[in-house]
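Work through the exercises below with the sequence and the structure at hand, and try each task before reading its solution.

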Amino acid sequence: MPGLGTSFGRGGATTAQQDLQNSDAILIMGSSMAENHPVGFQWVIEAREKNGAKVIHVDPRFNRTSAMSDYWLPLRAGSDIVFLGAMINYVLTNDRWFREYVIHYTNAPVILREDFQDADELGGFFSGWDGKQYDPESWLYEGAQKEGATGHHQDKGGHAKDRGGESQELHEPILDKTLQHERCVFQVLKRHFARYTPELVEDSCGIPRERFLEVADIFTSASGPEKTAAICYAVGWTQHSSGVQTIRCAAILQLLLGNIGRPGGGIMALRGHASIQGSTDIPTLYDILPGYLPMPHQGEDNSLAAYIRKNRSPKGWWYNLDKYIVSLLKAYYGDAATRANDFGFGWLPRLTGDHSHFGYWLDMADGKMEGLIVMGQNPAVGAPNSGLERKALGRLKWLVVRDMVEIETATFWLDSPEIANGELRTEDIETEVFFFPAASYAEKEGTFTNTQRLLQWREKAVEPPGDARSELHFMVDLGRRMKAMATAAPRDAALRALTWDYADEDGEEILKEIHGWKNDERGRMNDEQERMGGVHRSSFIVHRLPLKHFGELKNDGSTSCGCWIYSGVFDGENKAHKREPHGKYDHGWGYAWPLDRRILYNRASAKPDGTPWSERKKLVWWDASQKEWVGDDVADFTKGKAPDYKGDAEKGGDEALPGDAPFIMHPEGLGRLYVPSGLKDGPLPVHYEPLESNLCNPLHAQQTNPVAAKMERPDNRYAQTPDPRFPYILTTYRLTEHHTAGGMSRTLSHLAELQPELFAEISPELAAEIGVANGEMIVVSTARASIEARALVTARMPALHVQGRRVHQVGLPYHWGPRGLVTGDVVNDLLAISEEPNVRIFESKALTCS
């Protein structure tokens, strides 16, 4: 997630779920953790019972998490940044910030350029706005000049390593450690959030001023040398048109309070599936390569040298990007990847535009795609504007669906809502559909990477039935068939070069390749082999030597590695398979990337001189007698780098960072309160209204995030702002008993019995306003579609007083469709396709309805 990555250096959760038991306060927002992450939620309860920690839940609905919390604050959906911005302002105005931590470990002292202008000065826009997108040059630090690509192109995704531009990272920041300079980050931050007041929270979020001040005092009091507080969030934050900037607010708050890298602190990014973290580490995302390496761009990355020059940092661990990309290319192409051909860099695909889910689905709707393979997804139910997506499937020539049950995506041509209402006819749909039965998680072995970056080995419990196969078996077989079809044509060169000698289903073999190898000299190609275009990997496989971890990777082709951040997981044994927990953080149970560090940036748990901030909150510290970092976790720092090490810029990389710089992925070694590059919608968070809202932006004339993409068109309509046809706020959520689009849960009798029917949560006041009783059927409509649901009239979804009037909210779970033991209308038909500018996620948590 770029909100975490641009703030701290990595896009993963900074902490472990078990560490929540060490917290003195926990803020859960954008998540119903007790419902959707119940196993992890036990540690929240541990914190309350063991430490007396206060648990705060901020959510439009009173749900199971609210019931287990000390404080529940209902807020208007889409006003999260107002609430968090007011928390930041509270910290700054009440002197709650951890001064020594902030001065030494964040970019608060860094002075910004004179030409930077904040959003307050320009009506909701930062400097650099050209009417369509930002040129972020003016966001750089004082003295930095743009000398190359700074990553502001609209077609660039935000998941990869921050493309900060060469001059920004080469430039040594100018500091004012008194924090008095008017252009230092600290003073800019104070001015920026000054308008986010308790009164604004009351007027815009609907939370009474007194309640806000009470929880702000409780959360911010849990900071400093003796105390720490944690923040937990999930897609309730990400699925907004300003979702990344909401997470940035959390990062700013936690840096100011000194809660990053310390026991009981951090930000827990709660992933919605067992391996969502794994599917971004070794990505199913279009815009990154394994280990968050940027995908090359057509017309920009014409050579490996140009790619490295643009993306490599002169200081910090991204200095080694050349080693990571060359080792990845060697894993892909083996002997065929040589220095003479840029290690096969030219064979990698290039980004040419919006290749995200929504970009290609709109292409599909326009008849620009021929085929699609769907694995582990049910877009006919689980994607926004599902009606558009179902109709788009009918324009394909072929569709492959792999799943455990016959999901709606496989049968859209037979029993979709469009077939039922006559909008489509089965006989008119020419898409040829192939359904492949898939093995379940209990019927295959391999790793998954959970919400805290922890790789764990899953053993096969039973054999899959009939012709059901695992994804690994399917992909290995598909790769073999494609290689067998490769021709001598230039377009097939990458396919011919691809190493693909895997066993049918050997997860450990894959994990070893991900971990990496040293390629012995005896395995190198001779000149004749190179002229012939390379040979198969099996010709040198016996000469590969074990690699210890990513610190041994080279840029000369002598190492191969499928994902550098995972390198270390197979150091002598399969560490993901280990089941021998020991110590405070259960080292020996699974393997947390990188290098089994359970809490990232943990150098910040010690003072600049290397001693713990306090005995109660010690984690890692400098042992002068051993001349190394020791403690309860693996130090997220060079083990032998002393606190008083000054850094040597001439050497570059990690050696250029001093011994008191905990954020080792950033070239300045600091946590970023202010992000000078890497985000498309600004260096600081700004509250914008959702893309559909009947309320005015209370802060700026600019109503919505100017860089967010509506993708508006006749089959993806939006409500007006305001729109009397749709006077209420709609938000969607998940239930404990059903899993996302329902393919795995609606077919199970016990889960179907627990949640048999689609319902809409509405307040008693709204029920009275529309004249409906509890249990009656209602129609919920948006600008896209209408659905039917059972009315659940409940005080759990209260009406709020916002901007001088009463505002009603409607809550809908989104698990039902036309197939399974229990059926219902598709809630995602109501949503619009949209794209947050950094990660292109859609807005599902705040829109308008009737």
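## Exercises on a predicted model

**Exercise 1.** Locate Phe726, a residue of this predicted model, and decide whether Phe726 is buried or exposed.

*Solution.* Begin with the place in the chain: Phe726 sits in the loop that runs between strand S20 (628–631) and strand S21 (728–733). Next take the relative accessibility, which is 7% for Phe726; since buried means under 20%, Phe726 counts as buried. Then look at the surroundings: if neighbours within four places in sequence are left aside, the residues in contact with Phe726 are Asn694, Ala719, Ser781, Thr782, Ala783, Thr848, Cys849 and Ser850. As a last step, compare sequence with space for one pair: Ser693 and Phe726 are separated by 33 residues in sequence, while their C-alpha atoms lie 9.3 Å apart.

**Exercise 2.** Describe how helix H14 (residues 304–311) and helix H15 (residues 321–333) pack, and state which residues meet.

*Solution.* Two packed helices are described by the angle between their axes and by the distance between those axes. For H14 and H15 the angle is about 140°, and the axes are 10 Å apart. An angle over 145 degrees would count as roughly antiparallel, and H14 and H15 are therefore classed as oblique to each other. The handedness of the crossing of H14 and H15 is right-handed. From H14, the residues Leu304, Tyr307, Ile308 and Asn311 take part, and they meet Leu321, Asp322, Ile325, Val326 and Leu329 from H15. Sorted by kind, the residues of this contact comprise seven nonpolar, one polar and one charged.

**Exercise 3.** Work out how many disulfides the model contains, and explain why Cys249 and Cys696 form no such bond.

*Solution.* A disulfide is a covalent bond between the sulfur atoms of two cysteines, and the rule used here asks for sulfur atoms within 2.5 Å. For Cys249, the closest cysteine sulfur belongs to Cys205 and is 11 Å away, which is too far for a bond. For Cys696, the closest cysteine sulfur is again in Cys205, at 16 Å, and this too is too far for a bond. By this rule the count for the model is zero disulfides. The surroundings of the two can be added: Cys249 has 0% relative accessibility and so counts as buried, whereas Cys696, with a relative accessible area of 52%, is exposed.

**Exercise 4.** Explain why helix H8 (residues 185–192) can be called largely enclosed, and name helices that help to cover H8.

*Solution.* Count the buried residues first: six of the eight residues of H8 are buried, so the helix is largely enclosed by the rest of the structure. These buried residues are Val185, Phe186, Gln187, Val188, Leu189 and His192. Then ask what lies over them: the cover includes helix H5 (80–93) and helix H12 (243–256).

**Exercise 5.** Examine the backbone in the loop between strand S18 (591–592) and strand S19 (620–623), where Pro594 is placed.

*Solution.* Start with the peptide bond that joins Trp593 and Pro594, which is cis, with omega about -5°. Continue to Leu595, which lies in the loop between S18 and S19 and, although not a glycine, has a positive phi of about 55°. Asp596, in the loop between S18 and S19, also has a positive phi, near 65°, and is a residue other than glycine. Finally compare accessibility: Leu595 counts as partly exposed at 21%, while Asp596, at 12%, counts as buried.

Conventions:
Residues are numbered from 1 along each chain as its sequence is written. This is a predicted model: local features need pLDDT of at least 70, side-chain atom pairs count only at pLDDT 80 or more; totals for chains, interfaces and linings use all residues. Side-chain values use heavy atoms; hydrogens and water are left out. Axes are lines fitted to C-alpha atoms, for helices over the stretch in contact, and angles run from 0 to 180 degrees between N-to-C directions. Helices (H or I, at least four residues) and strands (E, at least two) are DSSP runs, numbered from the N terminus. Angles under 35 degrees count as roughly parallel, over 145 as roughly antiparallel, 65 to 115 as roughly perpendicular and the rest as oblique. A crossing is left-handed if the near helix is turned anticlockwise from the far one by less than a right angle, and right-handed if clockwise. Contact means heavy atoms within 4.5 Å. Ala, Val, Leu, Ile, Met, Phe, Trp, Tyr, Cys and Pro count as nonpolar, Asp, Glu, Lys and Arg as charged, and the others, Gly among them, as polar. Buried means under 20% relative accessible area, exposed over 50%, partly exposed in between (1.4 Å probe, protein chains only).
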